[in-house]
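Biologist: I would like a close look at a single part of this model, described carefully and with its terms spelled out. Please start from the chain as a whole and then work inward.

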Amino acid sequence: MTDGGGYLLDNQQPEAGARFTALEALFDPSTFRHIDALGIRAGWRCWEVGAGGTSVPAWSSSTSRSAPALSPR
């Protein structure tokens, strides 16, 4: 961050991509286990709010689940 006055974890910063990659590596395995444990199945529609990265919606889609994502500012 170079502006010194913005939000520290602003998704518009150049570093955001690397941060999302690190967060995905750390949290995705447990997130996917939790989703499986909830019993969410193909045909259900779930809304992921505060998505940040795209790994959970991409995984949901690849497993025939539907999870549109919203990452409000």
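What percentage of the 73 residues in the protein chain do buried residues make up, and which residues of helix 1 and helix 2 make the contact between them?

Modeller: The model is a predicted one, so that local features are given only at pLDDT of at least 70 and side-chain atom pairs only at pLDDT 80 or more, while totals for chains, interfaces and linings use all residues. Residues are numbered from 1 along each chain as its sequence is written, and side-chain values use heavy atoms, with hydrogens and water left out.

Buried residues make up 25% of the 73 residues in the protein chain, where buried means under 20% relative accessible area, exposed over 50% and partly exposed in between, with a 1.4 Å probe and protein chains only. The chain has two helices and two strands, which follow the pattern α-β-α-β along the sequence; these elements are DSSP runs numbered from the N terminus, helices being H or I of at least four residues and strands E of at least two.

Helix 1 (residues 16-38) packs with helix 2 (residues 55-62) at an angle of about 40°, their axes lying 11 Å apart. That makes helix 1 oblique to helix 2, because angles under 35 degrees count as roughly parallel, over 145 as roughly antiparallel, 65 to 115 as roughly perpendicular and the rest as oblique. The axes are lines fitted to C-alpha atoms over the stretch in contact, and angles run from 0 to 180 degrees between N-to-C directions.

Helix 1 contributes Glu24, Asp28, Thr31, Phe32, Ile35 and Asp36 to the contact, and helix 2 contributes Ser55, Val56 and Trp59, contact meaning heavy atoms within 4.5 Å. Four of these residues are nonpolar, two polar and three charged; Ala, Val, Leu, Ile, Met, Phe, Trp, Tyr, Cys and Pro count as nonpolar, Asp, Glu, Lys and Arg as charged, and the others, Gly among them, as polar.

On the helix 1 side, glutamate 24 counts as partly exposed, at 26% relative accessibility. Its C-alpha lies 6.9 Å from that of serine 55, although the two are 31 residues apart in sequence. Beyond its neighbours within four places in sequence, glutamate 24 is in contact with Pro29, Gly53, Thr54 and Ser55.

On the other side, the buried residues of helix 2 are Ser55, Val56, Pro57, Trp59 and Ser60. Proline 57 has a relative accessible area of 17%, and its C-alpha is separated by 9.6 Å from that of cysteine 46, which is 11 residues away along the chain. Helix 2 is followed by serine 64, whose phi is positive, near 65°.
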